[in-house]
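This briefing sets out the main architectural features of the protein shown below. The points that follow are grouped by topic.

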Amino acid sequence: MMKLNKVVAVVAVFLIGFCGNVLCDNAEMDKISEFCKAKEKATDADMEMWKSGTEPKPTIVKCLEACAGEQMGMMTTDNQLNVDAVMKVYAAESKDEKAIANMKEVLDECKAVTDKDRCESSAKILKCISDGSLKRGMKQML
């Protein structure tokens, strides 16, 4: 099972990137991972790269993260961040009002980030979230 960071439910998956260990249960994450592996035609080695957080991210990892974000409703069909979906999950899991407010600021800063390529868009969104979180002294998620 993937080791996932707390906040990026949002993610990568958008999944490692988009799914935090508190934000998605293992069974849900396993289903999404298997679906995305098949959809993106990823190999077992690709999945290991995704799970390990390899940097720089190869295109297949970016595409796996995009797929996960799409499946979780955290990335829209026009390759943008779905702020409401991410905040709904984050607010349900975090009881820290300051952290919730900080995450909302980060997501608002990142909501316009996109690219015509869904894989690149996912990578750019996750980088924006990571950078915005670090700027606010939040724990790095990605």
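**Helix packing and overall architecture**

Helices α1 and α2 pack with their axes 11 Å apart, at an angle of about 130°. The two helices are therefore oblique to each other, and their crossing is right-handed. On the α1 side the contact is made by Met 29, Ser 33 and Lys 37, and on the α2 side by Asp 44, Met 47 and Trp 50. The model is a predicted one.

**Overall composition**

- The protein contains 6 helices and 2 strands.
- Read along the sequence, these elements follow the pattern β-β-α-α-α-α-α-α.
- Of the 142 residues in the protein, 49% are buried.
- The accessible surface of the protein amounts to about 7,000 Å², and carbon and sulfur atoms account for 52% of that surface.

**Further helix pairs**

- Two packed helices are described by the angle between their axes and by the distance between the axes.
- For α2 and α3, the angle is about 75° and the axes lie 9 Å apart.
- That angle makes α2 roughly perpendicular to α3, since values from 65 to 115 degrees count as roughly perpendicular.
- In this pair, Asp 46, Met 47, Met 49 and Trp 50 of α2 make the contact with Ile 60, Val 61, Leu 64, Glu 65 and Ala 68 of α3.
- Met 47 and Trp 50 of α2 are thus named in the contact with α1 and also in the contact with α3.
- For α5 and α6, the angle is about 140° and the axes are 9 Å apart.
- These two helices are therefore oblique to each other, because an angle has to be over 145 degrees to count as roughly antiparallel.
- The crossing in which α5 passes α6 is right-handed.
- From α5, the residues Met 103, Val 106, Leu 107, Glu 109 and Cys 110 meet Cys 128, Ile 129, Gly 132, Ser 133 and Lys 135 from α6.

**Nonpolar core**

- The largest nonpolar core holds 28 residues, and the members that touch the most others are Trp 50, Leu 64, Leu 81, Met 103, Leu 107 and Ile 129.
- At least two residues of this core come from each of α1 (26–39), α2 (44–52), α3 (59–71), α4 (83–93), α5 (97–110) and α6 (118–135).
- The helix that gives the most to this core is α5, with 6 residues.
- Several of these core members also serve in the helix contacts: Trp 50 and Leu 64 are named between α2 and α3, while Met 103, Leu 107 and Ile 129 are named between α5 and α6.

**Loop residues with positive phi**

- Most residues other than glycine have a negative phi.
- Lys 41 has a positive phi, near 55°, although this residue is not glycine.
- Lys 41 is placed in the loop between α1 and α2.
- With a relative accessible area of 71%, Lys 41 is exposed.
- Asn 79 likewise has a positive phi, near 65°, and is a residue other than glycine.
- The position of Asn 79 is in the loop between α3 and α4.
- Asn 79 counts as buried because its relative accessibility is 10%, and the cut-off for buried is under 20%.

**Individual helix residues**

- Ser 121 belongs to helix α6.
- With a relative accessible area of 0%, Ser 121 is buried.
- Leaving aside residues up to four places away in sequence, Ser 121 touches Met 75, Asn 79, Gln 80, Val 113, Thr 114 and Asp 115.
- Among these partners of Ser 121 is Asn 79, the loop residue with a phi near 65°.
- Ala 123 is also found in helix α6.
- A relative accessibility of 14% means that Ala 123 counts as buried.
- From C-alpha to C-alpha, Ala 123 and Val 113 are 9.9 Å apart in space, and they are 10 residues apart in sequence.
- Ala 38 lies in helix α1.
- With a relative accessible area of 56%, Ala 38 is exposed, the cut-off for exposed being over 50%.
- Ala 38 and Leu 64 stand 26 residues apart along the chain, and their C-alpha atoms are separated by 9.9 Å.

Conventions: Residues are numbered from 1 along each chain as its sequence is written. This is a predicted model: local features need pLDDT of at least 70, side-chain atom pairs count only at pLDDT 80 or more; totals for chains, interfaces and linings use all residues. Side-chain values use heavy atoms; hydrogens and water are left out. A nonpolar core is a set of buried Ala, Val, Leu, Ile, Met, Phe, Trp, Tyr and Cys residues joined through side-chain atoms within 4.5 Å. Buried means under 20% relative accessible area, exposed over 50%, partly exposed in between (1.4 Å probe, protein chains only). Helices (H or I, at least four residues) and strands (E, at least two) are DSSP runs, numbered from the N terminus. Accessible areas come from the Shrake-Rupley method with a 1.4 Å probe; for residues, only the protein chains shown count as cover. Axes are lines fitted to C-alpha atoms, for helices over the stretch in contact, and angles run from 0 to 180 degrees between N-to-C directions. Angles under 35 degrees count as roughly parallel, over 145 as roughly antiparallel, 65 to 115 as roughly perpendicular and the rest as oblique. A crossing is left-handed if the near helix is turned anticlockwise from the far one by less than a right angle, and right-handed if clockwise. Contact means heavy atoms within 4.5 Å.
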